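Today I opened a new page to look for open spaces and for strands that pair up. Come and read along with me.

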Amino acid sequence: MQEVRGVIARGKGAPVELTTIRVPDPGPGEAVVRVQTCGVCHTDLHYREGGINDDFPFLLGHEAAGIVETVGNGVTDVAPGDFVILNWRAVCGTCRACLRGRPWYCFNTHNAAQPMTLTDGTPLAPALGIGAFVEKTLVHAGQCTKVDPAARPAAAGLLGCGVMAGIGAAINTGQVGRGDSVAVIGCGGVGDGAVAGARLAGASKIIAVDTDPRKLEWAKGFGATHTVNAKETDPVAAIQALTGGFGADVVIEAVGRPETYRQAFYARDLAGTVVLVGVPTPEMTLELPLLDVFGRGGALKSSWYGDCLPSRDFPLLIDLYQQGRLDLDAFVTEEIPLDGIEAAFAKMHSGDVLRSVVVL
């Protein structure tokens, strides 16, 4: 058992708190990781606001990279000293999705069996089964993916959630191919990840859509060939005009709202693909004419974590980063200490950052 500093959310909407966390020694199949960096993701804010569930107190943070410190019995894939990116979909290998060769849909992902606690013994609910706004965290060993230790931790850790979700939405879910036209609606961290993924996949035209001119400029840096300010122009008409009147082959919705999803639906070409990677809230509903769904053909997909398989995708993307073909550094707007998370939430809400990254 170790005592370390970490950031928790005690109640809905309350400011986060820096406090002492007790981290158990790893049991069978578990690992303790010394966290080096952790991105401040919108999902952490959802947890603080009670938008995920009410299982307070939460140990926040999940978009992390660090060094394996100790491992429990039976752990063979990682060892002390390994540089790893943490993931929240550690596949089981035995569920029906895994047995069908689709482990990115695993229905029985692993987390650590033991809880981390406050000093009074109160168990903590770790965000997405990780809890990484803390100096050391306990996870299932399958949540650790070993990558090149030469990679900058602040950049590498972002593959743990938002950037991977966006890249995977384009490459894995949307299956963007060479010469395709792609539109991305919403150009925050996830949307810009989708822009970067479309560029990696060889898309010939990448149209970034947002209402914030700053975000549209950021999208250009990740590979957008055209931008559309949805405050000034009807995005559906603009996307159609940029694609010969037809619409884009793949439209990625990275906002998670009914109105932007409708735009994505009507901005795609016949037999095109819509990918929903933005996360809606429980009360949201969508209404579309069923005849339009039938008549336009194609595919309507949702993308969970970019349909990624960490053991496959993390090392590949880190290699591309090391080769200069994927600019993960550009996603890091600022590096902050553990006690800077509440301020980072405010900057996120105002759209001032792509990612604030906690450095420990």
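**Entry 1: what counts as a pocket.** Before looking, I wrote down that a pocket is an open set of grid points with protein on both sides within 12 Å along at least five of seven lines. The volume is the space filled by probe spheres set on those points. I also noted that this is a predicted model.

**Entry 2: the largest pocket.** I looked up its volume and found about 1,600 Å³. Which residues lie nearest its centre? They are His42, Ala254, Val255, Gly278 and Val279, out of 50 that line the pocket. I sorted the lining by class and got 24 nonpolar, 20 polar and six charged residues. Among the elements that each supply at least two lining residues are helix 1 (42-48), strand 12 (205-210) and helix 11 (341-350).

**Entry 3: the second largest pocket.** This one has a volume of about 390 Å³. Its lining has 22 residues, with Asp77, Ala141, Gly142, Cys144 and Ser311 closest to the centre. Strand 10 (144-146) and helix 10 (310-322) each give at least two residues to that lining. By class I found ten nonpolar, nine polar and three charged residues there.

**Entry 4: the sheet.** In what order do the six strands of the open sheet run? I read 13-12-11-14-15-16, with parallel pairing. Strand 13 (226-229) and strand 16 (299-302) are the edges, each pairing on one side only. From one strand to the next, the twist averages 15°.

**Entry 5: one pair up close.** I picked strand 11 (residues 181-185), which pairs with strand 12 in the parallel sense over five bridges. Here Val182 stands opposite Ile206 of strand 12. Strand 12 was already in my notes, as one of the suppliers of the largest pocket's lining.

Methods:
Residues numbered from 1 in each chain as written. Predicted model: local features only at pLDDT ≥ 70, side-chain atom pairs only at ≥ 80, totals over all residues. Heavy atoms only, no water. 1 Å grid on protein atoms, 1.4 Å probe; cavity = no way out; pocket = protein on both sides within 12 Å on 5 of 7 lines; lining within 4 Å. Helix = DSSP H or I, 4+ residues; strand = E, 2+ residues; numbered from the N terminus. Nonpolar A, V, L, I, M, F, W, Y, C, P; charged D, E, K, R; others polar. Pairing = 2+ DSSP bridges. Axes fitted to C-alpha atoms, helices over the stretch in contact; angles between N-to-C directions.
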